[in-house]
Amino acid sequence: MRTALKTITRRTVVSAVGAICLGAMGSTSAFALDQVSVRLPWLAQAQFAGFYVAKAKGFYESEGLEVTVNPGGPNINGETLVASGADDFAIVGTVDALLAGREKGLPLVAVAMLLQQNPMALVAHEDSGIRTPADFKGKTVSTFFTGAQNLVYAMIENAGLAQEDVKVVPQAVSMAPFLDRQVDVASVTVYNELNVLKAQGLEGIVVINPADYGVNVPSDAIVATEKTIAERPAVVQGFINGSIRGWQYALAHPDEAVEIVMNEASGLEAPHQRAMLDAYGKLMTAGEGTTSGLGVLDMAGVERARDILLSRGVVKPDVDLDDAVNAGFWKAVPSEFTKPQ
Amino acid sequence: MIARASYPLLGLLIIAAIWEGSIRFFDIPPFVLPPLGQIAERIWTGRSEMIAGLSATLYEAGTGYVIGVAIGLLLAIAVSLSSLAERSVMPLFIAINSVPIVAYVPVSFVAFGLGAASKIAMVALTVGFTVFLSAVQGLKSVDPSAVNLLRSFGAGQMRIIWMFSLPAAMPIIVSGLRVSIVRAMIVAIVAEMLGAYDGLGRIIYEATQQVDFLRTWAAIAVASLASLVIYGVFVWCDRRLVWWK
Amino acid sequence: MKPSVWLPPLLVTALFLVCWEIFGHLPMGRVKVVPPVSAIAMDIIHNHQLLLRAMLHTLTEAMVGFAAGAAFGFLMGVLFAEVRILERMFFPVFIISQTIPVVAFGALVVIWFGNGMLSKVVIAFYLTFFPVTVHTHRGLLSVEQQRIDLLRSFAASRWTLFWRLRLPFALPTIMTSLILGSSLSLVGAIVGEWFGDTKGLGIMLVQAMYVENMVRLWSIIVACGVIGVGLYAVLRFVQTRWIWWGNET
């Protein structure tokens, strides 16, 4: 509890100092703002446009929040930082990470789900003759061993192949092994690597989407701790309201959103960021994202993800989805924020 | 001998005490800093994975180390043969060396792939430069009047280097070799964290991303203990043999 | 300076760049690992403001970490040289600390040192202090016993021994370790930025890697090299200007 106490003290001091400064500048509403932070799973880029837009457009402020957006990196994960109290919210990439984290004692709860479809797809060279997962037999498939491998195995299984029929190898940032044909099939996220391939002028590739082969799971959950949810529900609600509204605005005004993101980080290229935002938006508005609304916590989707993990033995059978997911906050988001414009 | 070996153990004990103490004092949850007992247990239950990872990392670090030492020493000898050569290439070498090694890692991936070759190249680069710079410094510090004396007796340049300069430069070269051991391991692991098929660095990265904190710490502990043991063996051999004196 | 001093390195460097340029134009598969120098130069010119800002950011982190690491490293080196029992107890701890891949510490670094500059400085510090301690310690202890005995015979105090004999004797070695430490502090700052940041060379590096922008990667390598050479030049200048009595160890 000592860490928690320390965090609270530090936060109180920070907000007190902040309040004094703002007060000196003549702002009155600043006194009411709650300080919270959100940890992204990667560096600042258009993949997280909604959060930066919500901050820039004052959507968080109108919910009574002062939000700090903390970028991630290759060697930190938001799950640990939220569980330890260093950050209040995080974007967790996969349902596996959420469930695995809970199983290991991290008190994390998903309160919204940004992507209604998994962003991972597989690519093959057209001249290889590979068109569907059934063609993977005897081939080498590379994928990210940070959760995506479970989806690849599920696709292989759905195609009626045994795990040994396909050689699955880890993949890192570079697409070079695929381009040099060291692997037959590679994984891409549709908002980054696929665009990189397109930008490099690569033609003649087949995109194999897991959702077309019975592997359709949601992704990119917003998580908070059980404690935050119990003790500061208004803050959680405010953060979700502001974030969803930010995303709605970002998708409706992509150029402005990209500009806002570019101001937050140095060294980004606008065309790539715009393509990223477009691809990300497509996944957000897929299926339930349009029918129910942006950020919906589609329980059926979460259950599908759990079933894949169960069959792969990644989570224990007694994993409790009701503890891992709290759909109540999303349901309370004003519907004018959740409808894609 | 026993007394000497006991001091590193004492060091380990101090670290263990700080570790366990801060868990209790700061009330750190296990997913941030797990107790040492749990890490040890995780190493044991995951021993086949840890051994496989360790051998991959050791192979990369070891091969890179040997290549780096060979290239570094040969270059240093070549450069010390002529002061013109030294003046000509040193600025370029220093510029290449002053780029942090991590900056080369992405390029190495594209050039050599994600397998062992890219890590071996990175380790060889780091070790090579460390050894090169210390060997150049060592060869320079040789007493010039002694070299002149040998030359006046008709000794050839290669012979002087081999029989006299190199042995005299050994203390500095050996300290370069020693520093390189730990760095070779770290460079291999960091490169693996950014992209690899195998090795402890890959375990660390994947486990971190999948919130498997005990696995992360187990791999870190194995990496750290392994470098410590290799370092210890090197120092022991160095003290024991002193073959260059 | 005479042309014989600066001409050879200039020629070699020029030759190196020309070979690079030619190599860069060779057809080398889809992803060009080594783009031509001219392409890199163009990217640097186009993005010089961006690169300069990132360089300043990273350099600041590295320098603060370096200063702290050098000071701490020096003090520990002196302490270990003067109080042998401390050396026996804690020197192994220092060695162990260097075998731990600090990049893997992710969450701990953020939780303890926050998201600001401090966490980057801490990493730079962590990498810097060790070589300084080792070299200081070795330099101070490598004074020949005869010289110590001579000074002692003049009833020199421990302080005089340190100040008049040991320290001047160790300074060249210490300078060498500072040169080593300066490049390590740069590594620390770059890696430290991976713990969540939005600017700096480390961030640009990961970004360029993420989108496989090879030209940008090389621009960043050049920027790192410029900082590295700059630090080296400054320390070398200090070394030749003020510690002229050369390296005796």
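Two strands count as paired when DSSP finds at least two bridges between them. Strands themselves (E, at least two residues) and helices (H or I, at least four) are DSSP runs, numbered from the N terminus. What you're looking at is a predicted model, where local features need pLDDT of at least 70 and side-chain atom pairs count only at pLDDT 80 or more, while totals for chains, interfaces and linings use all residues. Residues are numbered from 1 along each chain as its sequence is written, chains are lettered from A and ligands numbered from 1 in the order in which they are written, and side-chain values use heavy atoms, with hydrogens and water left out.

Let's start with chain A and its strand S10, residues 219-225. Seven of its seven residues are buried, so S10(A) is largely enclosed by the rest of the structure. Buried here is under 20% relative accessible area, exposed is over 50%, and partly exposed lies in between (1.4 Å probe, protein chains only). S10(A) has these partners:

| Partner strand | Sense | Bridges to S10(A) | A residue pair |
|---|---|---|---|
| S3(A), residues 89-92 | antiparallel | three | A:Ala90 with A:Val223 |
| S4(A), residues 108-115 | antiparallel | six | A:Met113 with A:Ala221 |

Over in chain C, helix H9 (residues 201-210) gets similar treatment: 10 of its 10 residues are buried, so the rest of the structure largely encloses it. Among them are C:Leu201, C:Met204, C:Gln207 and C:Tyr210. After H9(C) comes C:Glu212, with a positive phi near 55°.

Now for where the two chains meet. In contact terms (heavy atoms within 4.5 Å), 24 residues of chain C touch 36 residues of chain A. Interface size is often given as the accessible area lost when the parts come together. For chain C and chain A that buried area (1.4 Å probe, summed over both parts) is about 2600 Å², and carbon and sulfur atoms give 59% of it.

How many salt bridges are there between chain C and chain A? Just one, taking a side-chain nitrogen of Lys or Arg within 4 Å of a carboxyl oxygen of Asp or Glu. The residues are A:Glu269 and C:Arg216, with their closest N and O atoms 3.4 Å apart. On chain C's side of the interface with chain A, helix H5 (106-113) and H9 each supply at least two residues. H9(C) makes the largest share of that side, at five residues.

Conventions: Buried area is the accessible area (1.4 Å probe) that two parts lose on being put together, summed over both.
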